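Welcome to this tour! Open your viewer, get ready to select residues by number, and follow along one stop at a time.

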Amino acid sequence: MAFKEFDRARLRLKPLDERRHELDLSMVISLDQAVPVRPHDAETFRTIANRIRLARKKGAPVVLMIGAHVLRSGVQRFLFDLIERGMITSIAMNGACAIHDYEFARIGATTESVAKYIRDGQFGMWKETGFINSIVAEGAARGLGFGEAVGKAIADGAFPHADMSLLARCYRADVLASVHVGLGYDIIHQHPDFDPAATGEVSYRDFLRFARVIEGLENGVVMNFGTAVMGPEIFLKALSMARNVASSEGRRISRFTSLVCDLHDIENCRKEPPREDPRYYFRPWKTLLARTVAGDGESYYVQGRHDETIPALWRAVAGKDLGRMDG
């Protein structure tokens with residue numbers, strides 16, 4: 001049977017200056033903002049900070065995996081400083097992160113109302129955001145990864161707010177920023193010039209680079225903030241690949257520390273929830289907190305919003321007072 005395909009040539013795109021933006025750079029938090037935390041959480045962050053320092057002393061990686069809402073929470077400056085301190089050596093993100101980062105760098109704003117624009121099919125149909133597709137296609141031709149291609153384009157281009165780009169900051173610091181894309185997930189996949197082959201090539205190149213980082217995870221740290229599917233899934237596959245090779249070489253990758261920060265209520269993070277518990281399907285718990293650290297690893301969980309947990313992590317690593325929140 002011959003299945004018909006949607007003809008993207010019929011689509012109409014509008015310029016970004018016609019879009020109503022829900023976020024702009026005024027929401028980015030400054031480093032001196034007070035971040036009080038609960039005593040138990042403060043202890044967890046201090047422990048993680050110690051593990052990060054130890055990992056860097058031993059030359060082991062500190063991997064951060066994030067979802068798009070992390071950038072939308074305004075914590076960019078804290079991530080920038082951790083990168084500059086050498087306390088984050090690799091950042092993995094989804095395609096939406098790259099889009100928000102690009103829009104922030106280009107126009108100083110991002111995020112549209114899905115409820116408003118989906119009514120007439122304008123959701124995601126913005127010309128300038130679609131320029132990412134040409135950056136990716138060029139990156140594929142030059143042997144770059146997705147994050148590297150977009151970071152380089154922002155760092156080297158005429159972007160008014162390039163200083164607020166996480167991808168550009170990683171590119172300048174020679175820190176791997178890997179972008180892990182699901183085809184059809186992101187608004188730029190709607191555009192007529194979207195090249196799935198080029199996108200698959202650069203994103204898979206990023207996955208292989210990510211897997212190479214995970215190959216050195218012994219004594220390292222891996223952290224997951226706000227990515228319920230992408231982060232746990234790429235980590236699981238990359239760790240399996242890394243352990244497969246390590247096993248054949250007489251090595252082990254078992255002694256590392258994991259941290260998950262999210263909104264779920266989790267009591268004993270090392271104990272995997274039973275299948276009849278809906279939280280069993282929350283992948284960060286069973287993958288990062290229970291299964292992959294079984295044996296010699298350590299795992300920690302903190303419940304909270306990104307604009308609370310990432311600044312608290314930064315303050316712990318920087319040796320600053322975490323304050324006190326009763327309860």
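**Stop 1: two helices that cross**

Start by selecting helix 6 and helix 9, which pass each other in a left-handed crossing. Keep in mind as you look around that this is a predicted model. Helix 6 covers residues 131–141 and helix 9 covers residues 196–214. Their axes come within 8 Å and cross at roughly 65°. Which residues meet here, in helix 6 and in helix 9? On the helix 6 side, show Val-136, Ala-137, Gly-139 and Ala-140. Facing them from helix 9 are Ala-198, Thr-199, Glu-201, Val-202 and Arg-205.

**Stop 2: a loop after helix 9**

Next, move to the loop between helix 9 and strand 6 (221–225) and pick Asn-219. Its phi is near 75°, a positive value in a residue other than glycine. Is Asn-219 buried, exposed or partly exposed? With a relative accessibility of 28%, Asn-219 counts as partly exposed.

For another residue with positive phi, select Asp-174, whose phi is near 60° although the residue is not glycine. You will find Asp-174 in the loop between helix 8 and strand 5 (176–180). At 73% relative accessibility, Asp-174 counts as exposed.

**Stop 3: Phe-256 and its neighbours**

Now select Phe-256, in the loop between helix 10 (230–248) and strand 7 (257–262). Its relative accessibility is 2%, so Phe-256 counts as buried. Add Gly-220 to the selection: the two C-alpha atoms are 5.0 Å apart, while the residues are 36 places apart along the chain. Asn-219 from the previous stop is also in contact with Phe-256. Other contacts of Phe-256 include Leu-217, Val-222, Phe-235, Leu-239, Arg-243 and Val-293.

**Stop 4: the nonpolar cores**

Nonpolar side chains in soluble globular proteins tend to be buried together. In this model, the largest nonpolar core has 71 residues. Select Ile-66, Leu-166, Met-223 and Phe-225, the residues with the most contacts inside that core. Then zoom in on Met-223: leaving out residues up to four places away in sequence, Met-223 touches Ile-48, Ile-52, Val-62, Val-63, Leu-64, Met-65, Leu-259 and Leu-313. Apart from the largest core lies another one of 29 residues, among them Met-65, Phe-210, Ile-234 and Val-293.

**Stop 5: a mostly covered helix**

Select helix 3, where 7 of the 9 residues are buried. Which residues of helix 3 are the buried ones? They are Gln-76, Phe-78, Leu-79, Phe-80, Asp-81, Leu-82 and Ile-83. Show what they pack against: strand 2, helix 2 (68–72), strand 3 (90–94), helix 4, helix 8 and helix 12. Just after helix 3, click on Gly-86, which takes a positive phi of about 75°.

While you are here, look at Phe-80 together with Arg-169. Arg-169 lies over the face of the Phe-80 ring, at 4.0 Å from the ring centre. You can find a similar arrangement by selecting Arg-10, which lies over the face of Phe-6 at 4.9 Å from the ring centre.

**Stop 6: aromatic pairs**

How many aromatic pairs are there? The count comes to 6. Select Phe-78 and Trp-314: their ring centres are 5.5 Å apart and their planes stand at 75°, so this pair is edge-to-face. Phe-78 belongs to helix 3 (residues 76–84) and Trp-314 to helix 12 (residues 306–317), so the pair ties together parts that are 236 residues apart in sequence. Phe-78 counts as buried at 0% relative accessibility, and Trp-314 counts as buried at 3%.

Now try Tyr-102 and Phe-159, with ring centres 5.5 Å apart and planes at 75°, so this pair is edge-to-face too. Tyr-102 is in helix 4 (residues 95–107), and Phe-159 is in the loop between helix 7 (146–156) and helix 8 (166–173). This pair links parts of the chain that are 57 residues apart, and both Tyr-102 and Phe-159 are buried.

**Last stop: helix 11**

Finish with helix 11 (residues 283–291), where 7 of the 9 residues are buried, so the helix is largely enclosed by the rest of the structure. Among the buried residues, highlight Trp-285, Lys-286 and Leu-288. To see what surrounds this helix, show strand 2 (62–66), strand 6, helix 10, strand 7 and strand 8 (298–303), against which its buried residues pack.

Key. Residues are numbered from 1 along each chain as its sequence is written. This is a predicted model: local features need pLDDT of at least 70, side-chain atom pairs count only at pLDDT 80 or more; totals for chains, interfaces and linings use all residues. Side-chain values use heavy atoms; hydrogens and water are left out. A nonpolar core is a set of buried Ala, Val, Leu, Ile, Met, Phe, Trp, Tyr and Cys residues joined through side-chain atoms within 4.5 Å. Buried means under 20% relative accessible area, exposed over 50%, partly exposed in between (1.4 Å probe, protein chains only). Contact means heavy atoms within 4.5 Å. Rings of Phe, Tyr and Trp (its six-membered ring) pair if their centres lie within 6.5 Å; planes under 30 degrees apart count as stacked, over 60 as edge-to-face and the rest as tilted. Helices (H or I, at least four residues) and strands (E, at least two) are DSSP runs, numbered from the N terminus. A charge sits over a ring if NZ of Lys or CZ of Arg is within 6 Å of the ring centre and within 35 degrees of the ring normal. Axes are lines fitted to C-alpha atoms, for helices over the stretch in contact, and angles run from 0 to 180 degrees between N-to-C directions. A crossing is left-handed if the near helix is turned anticlockwise from the far one by less than a right angle, and right-handed if clockwise.
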